[in-house]
Amino acid sequence: MRHVQFLARTVLVQNNNVEEACRLLNRVLGKEELLDQFRRTRFYEKPYQVRRRINFEKCKAIYNEDMNRKIQFVLRKNRVEPFPGCS
């Protein structure tokens, strides 16, 4: 019987396979960016490094949002011109 792999950061160990459960836990924590936050707070981060990191994250978020918007535009259905710009 299949069940959910994880429920709110709780990882179930199946058939005494602890290694697979550890990999799944690392994947869950990586998606939630908890490991990155832990690595950042492990050592002191200088103020200029904090500014650079925050600016980079903001630029990355803007870029990702713009690219997702463009991809959704291209993937729209029922467009008048199916391939815009390719006449």
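Is Lys-70 buried, partly exposed or exposed? Lys-70 is partly exposed, because its relative accessible area is 43%; buried means under 20% relative accessible area, exposed over 50%, and partly exposed in between (1.4 Å probe, protein chains only).

The model is predicted, so local features need pLDDT of at least 70 and side-chain atom pairs count only at pLDDT 80 or more, whereas totals for chains, interfaces and linings use all residues. Residues are numbered from 1 along each chain as its sequence is written, and side-chain values use heavy atoms, with hydrogens and water left out.

**The whole chain**

Begin with the protein displayed as a cartoon. Three helices and two strands are present, in the order β-β-α-α-α from the N terminus. Helices (H or I, at least four residues) and strands (E, at least two) are DSSP runs, numbered from the N terminus. Then switch to a surface. The protein exposes about 8,600 Å², of which carbon and sulfur atoms supply 56%; accessible areas come from the Shrake-Rupley method with a 1.4 Å probe, and for residues only the protein chains shown count as cover. Of the 87 residues, 5% are buried.

**The loop between the strands**

Select Arg-9, which sits in the loop between β1 (6–7) and β2 (10–11). Arg-9 counts as partly exposed because its relative accessibility is 48%. Beyond its neighbours within four places in sequence, Arg-9 is in contact (heavy atoms within 4.5 Å) with Leu-25, Val-28, Leu-29, Glu-32 and Leu-34. Add Leu-29 to the selection: Arg-9 and Leu-29 are 20 residues apart in sequence, and their C-alpha atoms are 7.7 Å apart in space.

**Helix α1**

Next, select Glu-20 and Arg-23. Both belong to helix α1 (residues 18–31), three residues apart, about one turn of the helix. Their side chains form a salt bridge, with the closest N and O atoms 2.8 Å apart. A salt bridge is a side-chain nitrogen of Lys or Arg within 4 Å of a carboxyl oxygen of Asp or Glu, and the structure holds six of them. Side chains of opposite charge can pair when their charged atoms come close. Arg-23 is partly exposed at 48% relative accessibility, and Glu-20 is partly exposed at 36%.

**Helix α3**

Move to Arg-53 and Glu-57, four residues apart in helix α3, about one turn of the helix. Their side chains meet in a salt bridge of 3.5 Å, N to O. Arg-53 is partly exposed at 22% relative accessibility; Glu-57 is partly exposed at 36%. Now include Glu-45, which is linked with Arg-53 and Glu-57 in a network of salt bridges.

Further along, select Asp-66 with Lys-70. Because these residues are four apart in helix α3, about one helical turn separates them. Their salt bridge has an N to O distance of 3.6 Å. Asp-66 is partly exposed, with a relative accessible area of 26%.

**The nonpolar patch**

Finish by selecting Tyr-63, Met-67, Ile-71, Phe-73, Val-74 and Leu-75, which form a nonpolar surface patch with about 580 Å² of accessible area together. Patches are made of residues with over 30% relative accessible area and no salt bridge; like charges are joined within 9 Å, and nonpolar side chains (Val, Leu, Ile, Met, Phe, Trp, Tyr) within 5 Å. Leu-75 lies in the segment after α3 (47–74). Leu-75 counts as exposed because its relative accessibility is 57%.
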